[in-house]
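Visitor: I'm new to reading structures, and I keep meeting words that sound like verdicts. Could you show me how they are reached?

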Amino acid sequence: AKGVPRMTAEATTPFPDASSGSARTAALASRLDRVPLLAVTLLAFALDAWRLHEGDLGNTYYAAAVRSMTLSARNFFFGAFDPGGMITVDKPPVFLWVGALSARLFGYSSWSLLLPSAIAGAATVALLWILVRRRFGPFAATIAGVTLALRSEEHTSELQSHHDLVC
């Protein structure tokens, strides 16, 4: 008969499929695996961003280029060092674009110039965690992430003059 639904054993069973419970358990376990990733990444960001506002401008050469790049679109595109746009920096301007966008969003300050470096440091820890987890599991990934997050040289270089995110 047309239009009449066929009744099957699956449709008439009042109990849910047992595999749906294991699927929910697997989804919950997958979400719980992300907790250490989030914790390690937030730890790295907190350590990298600690007292950014108290520092100087980092590398003053690149800070001056970022300042110039916030003045005009031409200076931004070419990575001009001077406000007139006649002198460019010695590297491709891609890494300065990030700093210039941050300076445009938050204003020109040591905090806005060093914030992209703090974000890049936290992203590095997250990437390490993901790569180590694939091969060795979440426990080893967490140890690797915390180790990288706690490295004192990492934070020192982040706060000093680490504007060069790409090169």
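**How the words are earned**

Guide: Let's start with Ser-68 in this predicted model. Leaving aside neighbours within four places in sequence, Ser-68 is in contact with Asn-75, Ala-80, Phe-81, Asp-82 and Pro-83. Ser-68 lies in helix α3.

Visitor: Why is Ser-68 called buried?

Guide: Its relative accessible area is 1%. Buried means under 20%, so Ser-68 gets the word.

Visitor: What is the distance between Ser-68 and Gly-85, C-alpha to C-alpha?

Guide: They are 7.9 Å apart in space and 17 residues apart in sequence.

Visitor: Asn-75 was among the contacts of Ser-68. How do you know whether Asn-75 is buried or exposed?

Guide: Same test again. Asn-75 has 2% relative accessibility, and the limit for buried is under 20%, so Asn-75 counts as buried. This residue lies in helix α4. Not counting residues up to four places away in sequence, Asn-75 touches Ser-68, Met-69, Ala-80, Asp-82, Pro-83, Gly-84 and Gly-85.

Visitor: Which residues of α3 are buried?

Guide: Tyr-62, Ala-63, Ala-65, Val-66, Ser-68 and Met-69. Their cover includes α4, α5 and α6.

Visitor: How much of the chain is buried?

Guide: Buried residues make up 31% of its 167 residues. The chain has eight helices and zero strands.

Visitor: Let's turn to rings. What describes a pair of aromatic rings?

Guide: The distance of the centres and the angle of the planes. Rings pair if their centres lie within 6.5 Å, and by this rule the count here is five aromatic pairs.

Visitor: What makes Tyr-62 and Phe-95 an edge-to-face pair?

Guide: Their ring centres are 5.1 Å apart, and the limit is within 6.5 Å, so they pair. Their planes stand at 85°, and over 60 degrees counts as edge-to-face, so that is the name for this pair.

Visitor: Why do you say that this pair ties together parts that are apart in sequence?

Guide: Because Tyr-62 lies in helix α3 (residues 60-69) and Phe-95 in helix α5 (residues 94-106), with their positions 33 residues apart in sequence.

Visitor: And how do you know whether these two are buried or exposed?

Guide: Tyr-62 has 9% relative accessibility and Phe-95 has 1%. Under 20% means buried, so Tyr-62 counts as buried, and so does Phe-95.

Visitor: Then why is the pair of Phe-76 and Trp-97 called stacked?

Guide: Look at the angle: their planes are at 20°, and under 30 degrees counts as stacked. The centres are 5.8 Å apart, which fits the limit of within 6.5 Å, so this is a stacked pair. It links distant parts of the chain, with Phe-76 in helix α4 (residues 73-78) and Trp-97 in helix α5, 21 residues apart.

Visitor: What makes Phe-76 and Trp-97 partly exposed?

Guide: Phe-76 has 25% relative accessibility and Trp-97 has 26%. Buried needs under 20% and exposed over 50%, so Phe-76 falls in between, as does Trp-97.

Visitor: Which residues do ring pairs link into a cluster?

Guide: Phe-76, Phe-77, Phe-78 and Trp-97.

Visitor: How do you know that the charged end of Arg-67 sits over the ring of Tyr-108?

Guide: That charged end is 4.6 Å from the ring centre. The distance limit is within 6 Å, and there is an angle limit too, within 35 degrees of the ring normal. The pair is listed as a charge over a ring.

Visitor: Leu-101 is in helix α5. Why is Leu-101 called partly exposed and not exposed?

Guide: The value for Leu-101 is 49%, while exposed means over 50%, so Leu-101 stays partly exposed.

Visitor: And what makes Leu-32 exposed?

Guide: Leu-32 has 53% relative accessibility. The limit is over 50%, so Leu-32 counts as exposed. You'll find Leu-32 in helix α2 (residues 18-49). Together, Leu-28, Leu-32 and Val-35 make a nonpolar surface patch of about 280 Å².

Visitor: One last try: why is Thr-124, in helix α6, called partly exposed?

Guide: Thr-124 comes out at 42%, in between the limits for buried and exposed, so partly exposed is the verdict.

Methods. Residues are numbered from 1 along each chain as its sequence is written. This is a predicted model: local features need pLDDT of at least 70, side-chain atom pairs count only at pLDDT 80 or more; totals for chains, interfaces and linings use all residues. Side-chain values use heavy atoms; hydrogens and water are left out. Rings of Phe, Tyr and Trp (its six-membered ring) pair if their centres lie within 6.5 Å; planes under 30 degrees apart count as stacked, over 60 as edge-to-face and the rest as tilted. Helices (H or I, at least four residues) and strands (E, at least two) are DSSP runs, numbered from the N terminus. Buried means under 20% relative accessible area, exposed over 50%, partly exposed in between (1.4 Å probe, protein chains only). Contact means heavy atoms within 4.5 Å. Patches are made of residues with over 30% relative accessible area and no salt bridge: like charges are joined within 9 Å, nonpolar side chains (Val, Leu, Ile, Met, Phe, Trp, Tyr) within 5 Å. Accessible areas come from the Shrake-Rupley method with a 1.4 Å probe; for residues, only the protein chains shown count as cover. A salt bridge is a side-chain nitrogen of Lys or Arg within 4 Å of a carboxyl oxygen of Asp or Glu.
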